[in-house]
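Here's a quick look at one strand, its partners and the cysteines. Have the structure open while you read.

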Amino acid sequence: MLNPSFEDIDILVASFGAVSKLITSGIYRMEEVRYVVLDEADTLLDDSFNNKLLHLMKRFPFHKNHLQDLADSIRGTQLILAAATMPTNMEELLSKLVNVATIEQVISPNLHRLMGHVTQRFMRVRKSDRPQILLDLVQNDKKRNVPTIIFSNKTPACDFVSLHLNGHGYPCVNLNGDMILKLRLGQFEKFQQAEVNILSTTDVASRGLNTVRAAHVINFDFPLYTADYIHRVGRIGRIGSRNDCLVTNLVSSQAEIGAVQRLEHAARTTSPLRNVDANVKGIIRRNIQKRMEAAGDGTERG
């Protein structure tokens, strides 16, 4: 990014932020681009990013696709999306770029299914008991030399897990979204290079990282959304992973029981999870809106 190439290139691989700067600054022009591939498309189409993404995508000649039959010289851009989950409003978003009637979906039969070769364990525990149970779990992993990723929902819990384990003699690195990128990469590299066998993290590490070394995922905090669960457990059981991978879920809230029962059913029957929406920010926004509307109705009745 600091020293971009100016010679002719056939393939450009870049993060969204880097390619956005290169295009908007005029260093790279997109008129001749034939294919745009969005990896981890569910994250890019989340409400957190989609306005910026759509603004950038309008610089590509998608509009020429329906004109290509008129002359050989007219070439449009084909859009390709790749993701393990998708937002339910995907077609609504993409309609601002392309004719959604032309979209062809290539769907794996395993989409939104829990991996049958990865054991899913659900432990119903009291919240106050989780720290000791976590120690017991990592002690057992240490005996078997099992690299472990521990997920928390928020940074303070992630920090606590790291401090708790290090304080009890279990070396652990901490990785969360509040860290600058360089520090996050350094922490992850320690785990990758086997300097430590335990990684305490938030959902920032549930996507886009090569975690083939890991064999045990512990959800210290049960994930709030099904899409997050799919991505967390997808850190293990990958091509090249060991064959004894395990997911352990610490379930301590009554509010989590419904989601746990759906996941347990999906794990036992190898059936797909239903109503998976990757647009987490959109879910949050809609829930807040519903609560505000309900509060308004209550005020009016009063």
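## Who sits beside E6

Let's start with a single pairing: Ile 150 has Ser 200 of E6 as its bridge partner. Keep in mind that this is a predicted model. Zooming out, strand E4 (residues 148-151) and E6 run parallel, and four bridges join them.

Strand E5 (residues 173-175) is also joined to E6, here by three bridges, and this pair runs parallel too. Ser 200 turns up again, since Asn 174 stands opposite this E6 residue. To get from E5 to E6, the chain passes through helix H7 (residues 181-192), making a right-handed β-α-β crossover.

## Which way the side chains point

Side chains in a regular strand alternate between the two faces of the sheet. Now look along E6 (residues 198-201): Ile 198 and Ser 200 point one way, while Leu 199 and Thr 201 point the other way. Are these four buried or exposed? All of them are buried, whichever way they point.

## What about the cysteines?

How many disulfides does a search of the whole structure find? The count is zero. Take Cys 158: the closest cysteine sulfur belongs to Cys 172 and is 7.7 Å away, so that pair is too far apart for a bond. The cut-off used for a disulfide is sulfur atoms within 2.5 Å.

As for their surroundings, Cys 158 counts as buried because its relative accessibility is 0%. Cys 245 also counts as buried, with a relative accessibility of 3%.

How values were computed: Residues numbered from 1 in each chain as written. Predicted model: local features only at pLDDT ≥ 70, side-chain atom pairs only at ≥ 80, totals over all residues. Heavy atoms only, no water. Buried < 20%, exposed > 50% of the residue type's maximum accessible area, 1.4 Å probe, protein only. Helix = DSSP H or I, 4+ residues; strand = E, 2+ residues; numbered from the N terminus. Pairing = 2+ DSSP bridges. Right-handed = clockwise from strand over helix to strand, strands pointing away.
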